[in-house]
Amino acid sequence: MAELVLQTVTNNKRRHDEIQRFMLATDSVTIAVEVPIFLEARELAQLKSTTGFDIPADTDGTITGHIDFLQIRNGAIHIVDYKPGAKPRSPSRSS
């Protein structure tokens with residue numbers, strides 16, 4: 001679906017925004033775009049200790065950024081970082 005939208009965008013600088021707008025408007029599993037993230041070191045450490053998740057991030061600093069797409073599919077939350085034109089790759093997993 002993303003590939004079809006990208007074919008209609010002639011300005012490369014607009015590709016990211018246009019795919020986000022399209023997915024939010026037409027994709028029933030996309031619930032948010034450009035979700036801001038601000039986690040302080042103590043919050044990240046607490047997440048690691050209370051959830052049991054292996055979060056491969058340094059807990060010495062603050063993590064800031066944004067989530068490109070937030071989706072709920074098949075009962076799971078999907079956090080998507082979309083890179084138009086990037087080579088496909090599997091999500092990284094920490095051992």
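Select Thr30 to begin: with a relative accessibility of 5%, Thr30 counts as buried, because buried means under 20%. The model on screen is a predicted one. Thr30 sits in strand β1, which covers residues 30-39.

Show the side chain of Thr30 as sticks. Two polar contacts can be found there. In one, the side chain of Thr30 meets the side chain of Asp27 at 2.6 Å. In another, the side chain of Thr30 meets that of Gln71 at 3.0 Å. Which residues touch Thr30 once its neighbours within four places in sequence are left aside? They are Met23, Leu24, Phe69, Leu70 and Gln71. Gln71 is therefore on that list of contacts and is also a polar partner of the Thr30 side chain.

Now zoom out and colour the chain by secondary structure. There are 3 helices and 3 strands. Following the sequence, the pattern reads α-α-β-α-β-β. The chain has 95 residues, and 20% of them are buried. Its accessible surface is about 7300 Å², with 53% of that belonging to carbon and sulfur atoms. Of the contacts between residues at least 6 apart in sequence, 50% join residues at least 24 apart.

Next, select residues 15-26, which form helix α2. How far apart are the end C-alpha atoms of α2? They are 16 Å apart, and this agrees with the expected span, because 12 residues at 1.5 Å a residue should also give 16 Å. The buried residues in α2 are Arg15, Glu18, Ile19, Gln20 and Met23. Met23 is also among the residues in contact with Thr30.

Stay in α2 and show the side chains of Glu18 and Arg21. Side chains of opposite charge can pair when their charged atoms come close. Arg21 and Glu18 form a salt bridge, with 2.6 Å between the closest N and O atoms. The two residues are 3 apart in the helix, so about one helical turn separates them. Is each partner buried or exposed? Arg21 is exposed, its relative accessible area being 55%, whereas Glu18 counts as buried at 17%.

The whole structure holds 2 salt bridges. For the other pair, select Glu40 and Arg42. Their closest N and O atoms are 3.2 Å apart. Glu40 is partly exposed, with a relative accessible area of 29%, while Arg42 counts as exposed at 58%.

Move on to Leu44, a residue of helix α3, which runs over residues 41-51. Is Leu44 buried or exposed? Its relative accessibility is 3%, so Leu44 counts as buried. Add Ile63 to the selection and display the C-alpha atoms. Leu44 and Ile63 are 19 residues apart along the chain, and their C-alpha atoms are separated by 8.5 Å.

For the last stop, turn on the molecular surface and select Ile31, Ile72, Ile77 and Ile79. Together these residues make a nonpolar surface patch of about 430 Å². Pick out Ile79 from this group. Ile79 lies in strand β3, residues 76-80. With a relative accessible area of 63%, Ile79 is exposed, because exposed means over 50%. Compare this with the starting point of the tour: Thr30 is buried at 5%, whereas Ile79 is exposed at 63%.

Methods
Residues numbered from 1 in each chain as written. Predicted model: local features only at pLDDT ≥ 70, side-chain atom pairs only at ≥ 80, totals over all residues. Heavy atoms only, no water. Helix = DSSP H or I, 4+ residues; strand = E, 2+ residues; numbered from the N terminus. Buried < 20%, exposed > 50% of the residue type's maximum accessible area, 1.4 Å probe, protein only. Polar contact = N/O pair within 3.5 Å; in protein donor to acceptor, adjacent residues only side chain to side chain. Contact = heavy atoms within 4.5 Å. Areas by Shrake-Rupley, 256 points an atom, 1.4 Å probe, with all protein chains shown as cover. Salt bridge = Lys/Arg side-chain N within 4 Å of Asp/Glu carboxyl O. Expected span 1.5 Å × (residues − 1). Patch = residues over 30% accessible without salt bridge, like charges linked within 9 Å, V, L, I, M, F, W, Y side chains within 5 Å.
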